Amino acid sequence: MRIDIITVVPDILKSPFEASILQRAIQKELVEIHLHNLRDYTTDNYKQVDDYQFGGGAGMVMMIEPIDKCISKLKAERDYDEVIYMTPDGKTLNQKMANGLSLKENIIILCGHYKGVDQRVRDQFITREISIGDYVLSGGELGAAVLCDAIIRLIPGVLGNETSALTDSFQDNLLAPPVYTRPAEYKGWKVPEILTSGNFPKIEAWRENEAYKRTKELRPDLLDEDF
Ligand code: ADE
């Protein structure tokens, strides 16, 4: 998979890809991340990427020209499955969306800033608009990092244990069951006996039941969702 991220602050997006699972995915050549500084696609001396809103109003708007130049250059080099715009008014990211996107070959992610992008960018280039939650960030970069993490960890070979992404919370509209590790008893607090019984069918049944109980208590809305 190849992900091209268009941003005015590429520095924000460096460290998420320089550690742990995402770094390993890049080293294993399971994913390529390309950061594009939007200012490199400007033609004026000030490298201006934003301007005042037509009709007045507070806040600057990202101009169409540098974005068009960057996206058109990338599209001339290869086909893209999706051109995603990170914005608080997009569709809220969930596991199902991450699952679908992890199967794509080439993706562009455009990070918004200021009051957002000129609407013509959204109309002409964007295939999907994604928010990471109902709150406003200073820009789309942290959202893009969250989206990339959610997608990349699902690519086969990225996680050591192939089954571990499949047993994450949300994969079957259920939260994950509780987990424990050694010691089996700490300060008198014991691990549920079933987990040390070696009876794997029973352990599996216990986990399913706990996942259901936890979801019903903490996120009953998930149980009503289509799956
Ligand atoms: N840009 C600003 N706020 C955002 C959000 N909540 N999700 C995605 N991109 C954003």
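This dialogue goes through the ligand shell and one loop residue of a predicted model.

Trainee: What should I know before reading the values?

Mentor: In this predicted model, local features need pLDDT of at least 70 and side-chain atom pairs count only at pLDDT 80 or more, while totals for chains, interfaces and linings use all residues. Residues are numbered from 1 along each chain as its sequence is written, and side-chain values use heavy atoms, with hydrogens and water left out.

Trainee: Which residues are around the ligand?

Mentor: A residue is near a molecule if one of its heavy atoms lies within 4 Å of it. Here the residues around the ligand include Met-86, Thr-87, Pro-88, Ile-130, Tyr-135 and Gly-140. By class, the shell has seven nonpolar, five polar and no charged residues; Gly counts as polar, and Met, Pro, Ile and Tyr as nonpolar.

Trainee: Which strand supplies the largest share of the shell?

Mentor: Strands are DSSP runs of at least two residues, and helices of at least four, numbered from the N terminus. E5 gives the largest share, three residues.

Trainee: Which backbone atoms lie by a nitrogen atom of the ligand?

Mentor: A polar contact is a pair of N or O atoms within 3.5 Å. Polar backbone atoms of Ile-132 and Gly-133 are 2.9 Å and 3.1 Å from a ligand nitrogen atom, and a backbone N or O atom of Thr-87 lies 3.3 Å from one. The protein buries 97% of the 260 Å² that the ligand exposes when taken alone (Shrake-Rupley method, 1.4 Å probe).

Trainee: What does Ile-194 touch?

Mentor: Contact means heavy atoms within 4.5 Å. Leaving out residues up to four places away in sequence, Ile-194 touches Lys-202, Ile-203 and Trp-206.

Notes
A polar contact is a pair of N or O atoms within 3.5 Å; within protein, one must be able to donate a hydrogen and the other to accept it, and residues adjacent in sequence count only if both atoms are side-chain atoms.
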